[in-house]
Amino acid sequence: MGLTNAYCLMTKNLKKMASKTININLKIWRQKNANSKGSMETYKLDNVSTDSSFLEMLDQLNEQLINERQEPIAFDHDCREGICGMCSLFINGEAHGPDRAVTTCQLHMRKFKDGETIFVEPFRAKAFPVIKDLVVDRSSFDRIQQAGGFVSVNTSGRTMDANAIPIPKHDADKAFEAAACIGCGACVASCVNASAMLFVAAKVSQYALLPQGKVEARDRVLNMVRTMDEEGFGNCTNTGACAVECPKEISLENIARMNREYLKGMLSAE
Amino acid sequence: MSKSVLLKSSIAKKYWMALTGLFLCLFLVGHLLGNLQLFIAGEEGRRAFNEYAYFMQHNPFIKVMSYVTYLSILFHAIDGIMLAVQNKKARPVQYAMNNAASNSSSVARKMAVLGTIILLFIVTHMVNFWAKMHFGGLKLHKYELVTPGQMGEQKQMVYYTHTPSVNPIPDVPQIEVKNELDLYIAKSNLKVAEGYKDLHSNVVAFFSGKETNGVEGNKLALVAVILYTLSMAVLSFHLMHGFSSAFQSLGIRHKRYTPSIELIGKIFAIVVPALFAIIPIYLFVK
Ligand code: HEM
Ligand code: SF4
Ligand code: FES
């Protein structure tokens with residue numbers, strides 16, 4: 001087989017791979033605005049490339065809707081590479097869909113079968129009210145973060161070089177893993193209790209493990225948990241659903257750490 | 001530390017659930033060890049069990065522990081139901097399609113339902129046995145004493161007392177029972193001995209359905225045995241998740257120890273309820 005022949009075969013195969021398409025049925029939550037009552041609506045979408053991401057499939061559906069002079073479906077997204085935490089969606093009964101350790105923007109249509117009916121719903125929680133269609137208001141997470149998810153440092157000149165503070169590798173790794181949380185809210189969406197423990201635990205751990213975070217550790221955990229409760233999230237019953245569905249694989253270890261931090265804070269606070 | 005943090009915060013509530021839950025696990029072990037005496041056959045087993053029941057009601061340390069147990073059950077149940085109500089409110093609109101089985105066990109998601117069934121069981125269980133022990137309704141422990149004599153064997157019903165070596169106290173009109181347990185010379189203030197409540201015969205009659213030492217058998221014994229066994233199955237599921245979950249709630253988690261805690265929890269959740277359930281089944285088929 002000559003080189004050109006091999007090349008021809010390769011491109012042919014690539015084309016064949018790329019050209020695989022499926023036809024799907026969609027049941028999607030439509031809701032005009034925060035105050036209106038929504039409902040599940042059925043759509044049919046043909047010729048969806050299995051190489052497209054879930055969000056690209058929704059783009060394709062929206063184009064079809066616009067051509068039909070219907071209102072396109074509102075959904076959240078930004079980076080489309082799994083780092084911003086904007087995309088959400090409860091797909092076929094799971095946050096970010098059936099795949100593990102990916103966000104909805106990284107979910108591929110090859111995970112679905114030809115002719116399949118796919119349910120698409122917004123993340124459901126009292127603390128995540130629907131704004132429109134599939135878009136929910138996750139600013140409750142921002143308020144939890146503002147209650148303590150920071151370290152106070154002097155920024156007026158004479159700042160200390162962070163690398164001058166020795167940190168055990170083990171702690172640095174754990175802190176880094178916790179810091180991988182993108183605040184998407186899949187943990188809340190998956191939890192039967194709509195609890196935000198995994199998110200808050202990741203934020204608390206990320207600082208609790210590092211010397212810079214220790215200074216404000218006590219107030220941080222107390223204030224973040226208080227805000228979490230005030231925002232109307234449920235209570236953790238250790239079902240572990242959050243860690244399974246989390247696109248960043250945040251471990252339940254962080255929740256145990258927050259439980260320890262909270263006990264320390266509760267007992268030592270005045 | 002403010003009171004609201006200690007009682008109202010979601011995490012503090014979990015500490016209380018875990019502490020009371022683990023204390024109740026200890027209580028289960030103690031209760032089970034007592035119940036297992038029901039396997040001892042004959043009069044010997046009856047004495048062992050009734051002495052044990054007396055001890056449980058009168059020992060000061062056990063008394064304190066029993067109050068801690070009542071409080072734990074109350075606190076665990078009230079706190080658990082309050083948490084469940086809050087959790088329901090945290091998701092007012094349900095999903096049209098929820099594949100929860102893909103990420104968590106149904107037992108873990110149904111702790112409050114399982115707990116409520118256990119609470120119903122505890123209430124009926126206490127009405128059946130605990131209330132009788134504490135508020136009367138039990139006969140005293142009597143047994144047949146056979147004494148060989150010149151005119152052949154003599155049979156007599158006598159009370160089983162704390163001082164069995166002293167003269168046996170016969171069940172005759174000259175002996176009067178006061179304060180439920182005390183044996184007096186009739187129409188006098190002379191106490192001769194202290195008897196035992198016959199909880200043993202009551203339990204055996206309840207689950208065997210047969211008349212036992214003058215206690216009428218329970219016509220619905222089969223139903224009682226089935227309901228008891230089902231309740232133990234529910235307890236098993238509750239502990240299957242609850243035991244190890246309590247350690248997580250208390251922040252006790254470590255790569256090295258957590259797998260062992262989970263294994264012990266599973267074994268505990270199977271063995272303890274199973275042993276509880278075997279007793280009424282044994283009494284029924286015996
Ligand atoms: C002998 C009886 C019982 C034992 C040994 C027991 C034990 C436990 C344990 C060890 C836990 C785990 C705690 C944690 O995750 O931190 C638990 C959780 C729970 N129990 Fe019980 N329990 C008993 C009875 C009850 C009753 C009567 C109720 C009444 C409603 C109940 C409701 C609950 C609920 C709702 C939870 C989940 C709470 C949570 O995880 O936040 N339990 N139980
Ligand atoms: S813990 Fe995981 S699921 Fe929860 S917000 Fe962070 S990244 Fe999303
Ligand atoms: S769009 Fe940024 S993570 Fe999905």
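A helix here is a DSSP run of H or I at least four residues long, numbered from the N terminus. I keep that in mind for the ligand shell. The model is predicted.

**Entry 1: ligand 1**

I started with the ligand. Ligand 1 lies between chains A and B. I asked which of the 27 residues around ligand 1 come nearest. They are B:Lys14, B:His76, B:His238, B:Ser245 and B:Ser249.

Next I looked up polar pairs. B:Lys14 has a side-chain N or O atom 3.1 Å from an oxygen atom of ligand 1. For B:His76, a polar side-chain atom sits 2.7 Å from a nitrogen atom of the ligand. For B:His238, the distance from a polar side-chain atom to a ligand nitrogen is 2.8 Å.

Then I traced the shell back to secondary structure. Four helices of chain B each supply at least two residues: helix 2 (10-35), helix 4 (60-89), helix 6 (111-135) and helix 8 (221-249). Which helix of chain B gives the most to the shell? Helix 2 does, with 7 residues. By residue class I noted 15 nonpolar, 11 polar and 1 charged in the shell.

**Entry 2: chain A overall**

I moved to chain A. I noted 10 helices and 7 strands in chain A. The C-alpha trace of chain A spans about 70 × 60 × 40 Å along its principal axes. Chain A has 270 residues, and 49% of them count as buried. The exposed area of chain A is about 13200 Å², with 54% of it supplied by carbon and sulfur atoms.

I also checked contact range. I took contacts in chain A between residues at least 6 apart in sequence; 70% of these join residues at least 24 apart.

**Entry 3: strand 1 of chain A**

I followed the pairing of strand 1 (residues 21-30) of chain A. Strand 1 runs antiparallel to strand 2 (residues 39-49) of chain A, joined by 9 bridges. A:Trp29 has A:Met40 in strand 2 as its bridge partner.

Strand 1 of chain A also pairs with strand 5 (residues 117-121) of chain A. This pairing is parallel, with 4 bridges. Here A:Ile28 has A:Val120 as its bridge partner.

**Entry 4: A:Phe54**

I picked out A:Phe54, which lies in helix 2 (residues 54-67) of chain A. Is A:Phe54 buried or exposed? The relative accessibility of A:Phe54 is 0%, so the residue counts as buried.

I listed its contacts beyond four places in sequence. A:Phe54 touches A:Leu89, A:Ile91, A:Thr104, A:Leu107, A:Met109, A:Phe112, A:Ile118 and A:Val120. A:Val120 is also the bridge partner of A:Ile28. I then checked A:Thr104, which is 50 residues from A:Phe54 along the chain. The C-alpha atoms of A:Phe54 and A:Thr104 are separated by 6.3 Å.

**Entry 5: the three-stranded sheet of chain B**

Back in chain B, I found an open sheet of 3 strands in the order 1-2-3, with antiparallel pairing. Strand 1 (142-149) and strand 3 (169-170) stand at the edges with a single partner strand each, so one side of each has no neighbour in the sheet. Strand 1 of chain B is joined to strand 2 (residues 152-159) of chain B by 8 bridges. Across that pair, B:Pro148 stands opposite B:Glu153.

**Entry 6: strands 4, 5 and 6 of chain B**

I read these strands as two hairpins. Strand 4 (residues 175-178) and strand 5 of chain B run antiparallel and are joined by 4 bridges. Their hairpin has 3 residues between the strands, and B:Asn179 in the turn has a positive phi of about 50°.

Strand 5 of chain B pairs with strand 6 (residues 191-194) of chain B over 3 bridges, again antiparallel. This hairpin has 5 residues between the strands, and B:Lys187 takes a positive phi near 60°. B:Tyr184 has B:Lys191 as its bridge partner in strand 6.

**Entry 7: B:Asp182**

I finished with B:Asp182, in strand 5 (residues 182-185) of chain B. Its relative accessible area is 11%, and B:Asp182 is buried. I recalled the cut-off: buried means under 20%.

B:Lys178 stands opposite B:Asp182. Beyond four places in sequence, B:Asp182 is in contact with B:Glu176, B:Val177, B:Lys191, B:Ala193 and B:Glu194. What joins the side chains of B:Asp182 and B:Lys191? I found a polar contact of 3.4 Å.

Terms used. Residues are numbered from 1 along each chain as its sequence is written. Chains are lettered from A and ligands numbered from 1 in the order in which they are written. This is a predicted model: local features need pLDDT of at least 70, side-chain atom pairs count only at pLDDT 80 or more; totals for chains, interfaces and linings use all residues. Side-chain values use heavy atoms; hydrogens and water are left out. A residue is near a molecule or strand if one of its heavy atoms lies within 4 Å of it. A polar contact is a pair of N or O atoms within 3.5 Å; within protein, one must be able to donate a hydrogen and the other to accept it, and residues adjacent in sequence count only if both atoms are side-chain atoms. Ala, Val, Leu, Ile, Met, Phe, Trp, Tyr, Cys and Pro count as nonpolar, Asp, Glu, Lys and Arg as charged, and the others, Gly among them, as polar. Buried means under 20% relative accessible area, exposed over 50%, partly exposed in between (1.4 Å probe, protein chains only). Contact means heavy atoms within 4.5 Å. Accessible areas come from the Shrake-Rupley method with a 1.4 Å probe; for residues, only the protein chains shown count as cover. Two strands pair if DSSP finds at least two bridges between them.
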